[in-house]
Each structure stands twice: as C-alpha cells, then as structure tokens.
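Here are my notes on this entry, kept short. Please read them with the structure open.

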Amino acid sequence: MLLVWGVVALILWRPVWSRLWRMPLLGMALSKAVFPDLAGKWEIEIRSNWPIIDFQRQAAADANHTRFDVLADGTTIPSLLTSTFDVNIKQEWSGVQIEFEPTTDSVLENSRTLSVELLPSNETYRKRIAWTYLQKNKQPRLPTDEQEFFGSALLELSDDANEMSGKYWTNRSWDRGLNAAGLITARRVV
C-alpha cells in the first residue's frame, strides 16, 4: 500500500507529471483525454476598449458638446489600446496559476489568479479556460481609475495548445460605467 501511495505522490509531483505530458504518444493522449499542459512562458497581448470609454467620458465633459455616438453610422471609434506582457503559467494537478511580469510602461503591479477552470471541448467549443484574477496597479492613471479590481477571461485553446484567445472584462470603475473589457491573445514562448 505504501508503494502505491509513493507512486501516486511521484506522479503528482510536477517534474514527473509534466514529463509524462511531453512523451509523444502518452502526452497526446493525456492532452486529449485530460487537458493540455499549459505550463511555461507565454506572451500575452491585451487589446482594451479603454480609449473608447475615455473618449466617451471626454465627449460628455466637453463644454462644446462634441457628439460621440458609438451606435451612429459613420462615427469614428478610437482604436483599442494594445499592451503586451510576459506571463508564466504554472499548472499542477491542484490548479493553474497565471503570473504576469510587470513592464516599465505599464501601471500593473501584480495580477493574482483567483481561479482557473479547465473546460473540456464540446460540440460547440474547443477546450477553454475560464480565468478570474485580482489586479493591483502601481497607481491609478486617472481620478476615475481604481488601484485594485477583479477581472475574468474566457480563452479558447488552439488545437496544438500553443495559443489561447478570447475576451476579458473587469469590474474596474463599474459604478461609474467605466469598466474595461477587451481581447486577449496568448502565445506560448517556451
């Protein structure tokens, strides 16, 4: 019995089970039957709708009453704000952690994973992850901003599990109608 528990403990130990996922045939079978191993370095591109929100805010405050209607035909909508980050994903039997590496040109201080749910494929979707996080910024950029807020994302994996993409949304300044949302694309680096 002790031998059985020893083998189970050894398999659950990250260096052992991650090697199982890297074995050609066994790894493919485990990725298909369980879930792909997402552990490693990733580059994430985030495209935020913040410029649109900020433009609406400025138009509302304009004394000349500049009209900005996102629903009107011919309205020029500001481009999404693009930011890139290096990310480390740690995956173990007990869960997944997604750790952002702050950059010098970002206000991001840290982003802590609260939960990641691995969603199997079905007749409608490929395999996906549902991710909830708590973000803390170094300092708010605007008086309307918040230093700490929650966010969630739903990302769909590519067939080879080297790319994930989907949408995210936050509750940042939700009580003022200023909560950001956008697109995330993650590509495996290593």
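1. Core. This is a predicted model. Its largest nonpolar core holds 24 residues, and Ile98, Phe100, Ile129, Trp131 and Met164 touch the most other members. At least two core residues come from each of strand 1 (40-48), strand 2 (81-92), strand 3 (95-101), strand 4 (108-119), strand 5 (128-137), strand 6 (148-157), strand 7 (163-170) and strand 8 (181-188). Nonpolar side chains tend to be buried together in soluble globular proteins.

2. Phe100. Which residues does Phe100 contact, leaving aside its neighbours within four places in sequence? They are Ile44, Ile46, Phe85, Asp86, Val87, Leu108, Ser111 and Trp131. Ile44 and Ile46 fall in strand 1 (40-48). Phe85, Asp86 and Val87 fall in strand 2 (81-92). Trp131, in strand 5 (128-137), is itself among the core residues that touch the most other members.

3. Sheet. Eight strands make an open sheet, ordered 3-2-1-8-7-6-5-4, with antiparallel pairing. Strand 3 and strand 4 are at the edges; each has a single partner strand, so one side of each lacks a neighbour in the sheet. On average, neighbouring strands are turned by 30° against each other, direction ignored.

4. Strands 1 and 2. This pair runs antiparallel and is joined by nine bridges. Glu45 stands opposite Thr84 of strand 2. As a rule, strands of a sheet pair through backbone hydrogen bonds, either parallel or antiparallel.

5. Thr113. Is this residue of strand 4 buried or exposed? Thr113 counts as buried because its relative accessibility is 8%, under the 20% cut-off. Its side chain reaches the backbone nitrogen of Ile98 at 2.9 Å. Beyond neighbours within four places in sequence, Thr113 is in contact with Val96, Gln97, Ile98, Trp131, Thr132 and Tyr133. Val96, Gln97 and Ile98 lie in strand 3 (95-101), while Trp131, Thr132 and Tyr133 lie in strand 5 (128-137). Thr113 therefore has contacts in both edge strand 3 and strand 5.

6. Chain layout. There are four helices and eight strands. Along the sequence the pattern reads α-α-α-β-α-β-β-β-β-β-β-β. Contacts between residues 24 or more positions apart are 53% of those with a separation of 6 or more.

7. Burial and surface. The chain has 190 residues, and 35% of them are buried. About 12,100 Å² is exposed, with 56% of that supplied by carbon and sulfur atoms.

How values were computed: Residues numbered from 1 in each chain as written. Predicted model: local features only at pLDDT ≥ 70, side-chain atom pairs only at ≥ 80, totals over all residues. Heavy atoms only, no water. Core = buried A, V, L, I, M, F, W, Y, C linked by side-chain atoms within 4.5 Å. Buried < 20%, exposed > 50% of the residue type's maximum accessible area, 1.4 Å probe, protein only. Contact = heavy atoms within 4.5 Å. Pairing = 2+ DSSP bridges. Axes fitted to C-alpha atoms, helices over the stretch in contact; angles between N-to-C directions. Polar contact = N/O pair within 3.5 Å; in protein donor to acceptor, adjacent residues only side chain to side chain. Areas by Shrake-Rupley, 256 points an atom, 1.4 Å probe, with all protein chains shown as cover.
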